[in-house]
Amino acid sequence: MAGSGLRQQDLEQLTAWMDGELNEDEAREVIRRVATDSRWRRAYEDFAAVDRALEMVVPPTPPADLASRIVRAANRRRLWRRAGGVAAAAAVAAGVILAVWLGRPDGTPTPTPMPTPGDVIIARQLQDVPEADRFMVENLDVFRNYDRAVEYEKVRSIADDETLTALAALEDRGRS
């Protein structure tokens with residue numbers, strides 16, 4: 001069709017006529033050109049040959065179990081994705097356990113941290129808590145941040161004392 005010598009616009013008009021998309025006047029003009037112009041006739045014959053060839057092609061019929069095979073494949077993929085997530089989590093956990101078990105990279109055992117004053121106070125306060133509940137209580141924010149809370153209270157009481165002392169001094173100056 002590229003060798004027919006027709007412009008792209010002419011080829012589009014010819015195919016539109018063959019598809020029944022032209023109005024009556026345009027269709028008559030294309031029929032006249034196909035009948036009188038060898039380039040138009042050759043392009044028409046080429047297009048008609050392609051149409052006949054396409055009519056002989058039988059579209060493939062999908063197998064009856066195609067939908068169920070697609071669903072099974074999707075379920076397998078989802079299962080593998082879940083298994084991969086579990087395997088990744090297990091690998092991370094194993095890595096952490098191995099790192100703790102082996103200690104530091106230079107082979108020396110991991111030192112046990114010294115208890116803070118807050119840890120000692122917490123241990124004293126939790127001595128009557130049943131062992132089964134101790135983990136939950138120890139991890140409450142109020143206990144984990146006990147050292148900071150104690151320091152904050154000390155700073156606040158110092159600031160309060162200094163503020164009260166300064167206010168008292170100002171009042172004494174005002175009286176004199």
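How much accessible surface does the protein have, and what percentage of it belongs to carbon and sulfur atoms? The total comes to about 14,500 Å², and 61% of that belongs to carbon and sulfur atoms. Please keep in mind while reading that this is a predicted model. Here are my notes, point by point.

1. **Overall fold.** The protein has eight helices and zero strands. Following the sequence from start to end, you will read the pattern α-α-α-α-α-α-α-α.

2. **Burial and contacts.** The protein has 176 residues, and 10% of them count as buried. As for how the chain meets itself, take the contacts with a separation of 6 or more: 48% of these link residues 24 or more positions apart.

3. **Asp10, a residue to look up in the viewer.** You will find Asp10 in helix 1, which covers residues 8-18. Is Asp10 buried or exposed? Asp10 counts as buried because its relative accessibility is 9%, and the cut-off for that label is under 20%. Leaving aside residues up to four places away in sequence, Asp10 touches Arg33 and Trp40.

4. **The salt bridge of Asp10.** The partner of Asp10 in a salt bridge is Arg7, and their closest N and O atoms are 3.1 Å apart. This bridge is one of six in the structure. So here a charged side chain that counts as buried, at 9% relative accessibility, has a salt-bridge partner.

5. **Asp25 and Arg28 in helix 2.** These two side chains meet in a salt bridge, with 2.4 Å from N to O. Where do the two residues sit relative to each other? They are three residues apart in helix 2 (residues 24-36), so about one helical turn separates them. Asp25 is exposed, with a relative accessible area of 55%, whereas Arg28 counts as partly exposed at 49% relative accessibility.

6. **Glu29 and Arg32, also in helix 2.** Another salt bridge joins the side chains of Glu29 and Arg32, at 2.5 Å from N to O. Here too the residues are three apart in helix 2, which means that about one helical turn lies between them. Glu29 is partly exposed, its relative accessible area being 27%, and Arg32 is partly exposed as well, at 42% relative accessibility. Staying with salt bridges, those that share partners join Glu24, Asp25 and Arg28 into one network.

7. **A negative patch.** Which residues form the negative surface patch? They are Asp19, Glu21, Asp51 and Glu55. Asp51 belongs to helix 3, which covers residues 38-56. With 36% relative accessibility, Asp51 counts as partly exposed. That value lets Asp51 take part in a patch, because patch residues need over 30% relative accessible area.

8. **A nonpolar patch.** Val50, Leu54 and Val57 make a nonpolar surface patch of about 280 Å². Leu54 lies in helix 3, and helix 3 is also the place of Asp51 from the negative patch. Is Leu54 buried or exposed? Leu54 counts as exposed because its relative accessible area is 56%, and exposed means over 50%.

9. **Where to look.** For a quick tour, you could begin with buried Asp10 and its bridge to Arg7. Next come the two salt bridges of helix 2 described above, Asp25 with Arg28 and Glu29 with Arg32. You could then finish on helix 3, with Asp51 and Leu54.

Notes: Residues numbered from 1 in each chain as written. Predicted model: local features only at pLDDT ≥ 70, side-chain atom pairs only at ≥ 80, totals over all residues. Heavy atoms only, no water. Helix = DSSP H or I, 4+ residues; strand = E, 2+ residues; numbered from the N terminus. Buried < 20%, exposed > 50% of the residue type's maximum accessible area, 1.4 Å probe, protein only. Contact = heavy atoms within 4.5 Å. Areas by Shrake-Rupley, 256 points an atom, 1.4 Å probe, with all protein chains shown as cover. Patch = residues over 30% accessible without salt bridge, like charges linked within 9 Å, V, L, I, M, F, W, Y side chains within 5 Å. Salt bridge = Lys/Arg side-chain N within 4 Å of Asp/Glu carboxyl O. Lys, Arg positive; Asp, Glu negative; His and termini not counted. Charge placed at Lys NZ, Arg CZ, Asp CG, Glu CD.
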